[in-house]
Amino acid sequence: MKNRDKLIQDISQQEEFPLRFEEWEQKAKEKMEKGAFTYVYHGAGREETYQRNQSAFKKWALIPRMLRDVSQVDMSVQLFGKKYATPFLFAPIGMQKLADEEGELATAKASQAMDIPFIVSTVSSFSIEAITQAAPKGPKWFQLYWSSHNPDLSFSMVERAEKAGYEAIVVTVDTVMAGWRIGDMKSKFSPLSLGFGKGNYIEDPVFINNLKNNNEETILHSILENIQHPALTWENIKQLKQRTNLPILLKGILHPEDAKLALEYEVDGLIVSNHGGRQLDGVIASIDALPEIIKVVEGKIPVLFDSGVRQGVDAVKAMALGAQAVLIGRPYYYGLALHGEKGVRNVMERLLQETEVTLALSGVNQLSDISKIGIRKDR
């Protein structure tokens, strides 16, 4: 482990990079176009879920172990037969050109440099193939918004991802329609309608072949038609499994009965998530839903965690409750908005440093032993 005093000295010399999430957020607010920042920042409805994601972490407390050799901390994880250097993944956030002209290309380069899987969104500003070209050796997963309007489009995108070297498919299941996002309504800002999320569509043969004509208005209208998937069911997941050799994870699982069904349908992994509070308002915090999901799954498939992680101790709490890896969303996006690839890397470097320190002070020298520390919820 890096000398703590040297670490503090290095950080203090990088004044342009904030130390706290709130500082990154404020600086991104000052720099980004108002509608773009509103789109990323706000949750749905009264933002009960968004706020609950933050407050719920404070109710969980670690119980550290002592007198353990923590001079070296191994944070590597194994997922679907592959070893990654850290327990983090870049959450799927679409339309990253809203933050930086390089968008997903910059995030992919940071992903490659840090060996952190990047879950690329269906509505990315750049295509599956362009992102691979920008970072050919970086670990990449593909997040799929199912198209009820045209299932063949979904199969086509998954096939393209597999050919481009992506390692897993993440099906987002909590976005059958857009959440009630008052912030977006007030700002009258729709990035999809403005073309920020067309990268994968305009290079997809199934999508292009189904267009009545090839003008911009028709393309954007068709994307909006295909992005909604209210008819998505477990049978569609079954069909998808028959069309790809890649592991399939479901993102957006909160109810233990859905976790049981996922096992029945032979899903390969789950991501416990409430979409960062951006979809259904008033639901349980992801961290509070996690223990029941872990209990139901019984270690049969990997369970990952998403929503509300802002600092290393949050990630450690999620992993202490049983998550095998943790997705990071808004923090890296704000880094991208401020400093492009360099900002993404800086956000993740500091998150990794804090996580390493938290693990060491908790008495953990390798993640496989994290269950040996205690964690308790305040009543």
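A residue counts as exposed when its relative accessible area is over 50%, as buried when that area is under 20%, and as partly exposed in between. The model on display is predicted, and the tour below moves through it selection by selection.

**Stop 1: Lys-188**

Select Lys-188, in the loop that links helix H8 (182-187) to helix H9 (205-209). Its relative accessible area is 76%, so Lys-188 is exposed. The backbone here also deserves inspection: phi of Lys-188 is near 55°, a positive value in a residue that is not glycine. Most residues other than glycine have a negative phi.

**Stop 2: Met-95 and Ser-125**

Next select Met-95, in the loop between strand E4 (88-90) and helix H5. Phi of Met-95 is near 55°, again positive in a residue other than glycine. Is Met-95 buried or exposed? With a relative accessible area of 2%, Met-95 is buried.

Keep Met-95 displayed and add Ser-125, which is situated in the loop between E5 and H6. Ser-125 has a relative accessibility of 13% and therefore counts as buried. Leaving aside residues up to four places away in sequence, Ser-125 touches Met-95, Gln-96, Lys-97, Glu-104, Phe-196 and Gly-199. A distance label from the C-alpha atom of Ser-125 to that of Gln-54 should read 29 Å, for two residues 71 positions apart along the chain.

**Stop 3: strand E6**

Now select residues 140-144, which form strand E6. Five of its five residues are buried. Lys-140, Phe-142 and Leu-144 lie on one side of E6, Trp-141 and Gln-143 lie on the other, and both faces are covered.

Add residues 118-120, strand E5, which runs parallel to E6 and is joined to E6 by three bridges. Which residue of E6 is the bridge partner of Val-120? The partner is Phe-142. Trace the chain from E5 to E6: the path passes through helix H6 (residues 128-134), and this β-α-β crossover is right-handed.

**Stop 4: from E6 to E7**

Extend the selection to residues 169-172, strand E7, which is parallel to E6 and connected to E6 by three bridges. Phe-142 has Ile-169 as its bridge partner in E7, and Leu-144 stands opposite Val-171. Together with helix H7 (residues 151-163), E6 and E7 make a right-handed β-α-β unit.

Within H7, pick out Pro-151. Its relative accessible area is 31%, so Pro-151 is partly exposed. The C-alpha atoms of Pro-151 and Gln-242 are separated by 13 Å, although the two residues are 91 positions apart along the chain.

**Stop 5: from E7 to E8**

Return to E7 and show its side chains. Ile-169 and Val-171 point one way, Val-170 and Thr-172 point the other way, and all are buried. Then add residues 248-253, strand E8, which pairs with E7 in the parallel sense over four bridges. Val-170 of E7 stands opposite Leu-249 of E8.

**Stop 6: helices H5 and H15**

The remaining stops concern helix packing. Two packed helices are described by the angle between their axes and the distance between the axes.

Select residues 103-114 (H5) and 330-361 (H15), whose axes are 10 Å apart and form an angle of about 20°. Angles under 35 degrees count as roughly parallel, so H5 is roughly parallel to H15. Their crossing is right-handed.

To see the contact, display the side chains of both helices. On the H5 side, the residues that meet H15 are Gly-103, Ala-106, Thr-107, Lys-109, Ala-110, Ala-113 and Met-114. On the H15 side, they are Tyr-332, Leu-336, Gly-340, Glu-341, Val-344, Arg-345, Met-348, Glu-349 and Leu-352.

**Stop 7: helices H12 and H13**

Finally, select residues 256-264 (H12) and 286-297 (H13), whose axes come within 9 Å and cross at roughly 30°. H12 and H13 are therefore roughly parallel to each other, and their crossing is right-handed. H12 contributes Pro-256, Ala-259, Lys-260 and Leu-263 to the contact, while H13 contributes Glu-292, Ile-293, Val-296 and Val-297.

Technical notes: Residues are numbered from 1 along each chain as its sequence is written. This is a predicted model: local features need pLDDT of at least 70, side-chain atom pairs count only at pLDDT 80 or more; totals for chains, interfaces and linings use all residues. Side-chain values use heavy atoms; hydrogens and water are left out. Buried means under 20% relative accessible area, exposed over 50%, partly exposed in between (1.4 Å probe, protein chains only). Helices (H or I, at least four residues) and strands (E, at least two) are DSSP runs, numbered from the N terminus. Two strands pair if DSSP finds at least two bridges between them. A crossover is right-handed if, with the strands pointing away from the viewer, the path from the first strand over the helix to the second runs clockwise. Axes are lines fitted to C-alpha atoms, for helices over the stretch in contact, and angles run from 0 to 180 degrees between N-to-C directions. Angles under 35 degrees count as roughly parallel, over 145 as roughly antiparallel, 65 to 115 as roughly perpendicular and the rest as oblique. A crossing is left-handed if the near helix is turned anticlockwise from the far one by less than a right angle, and right-handed if clockwise. Contact means heavy atoms within 4.5 Å.
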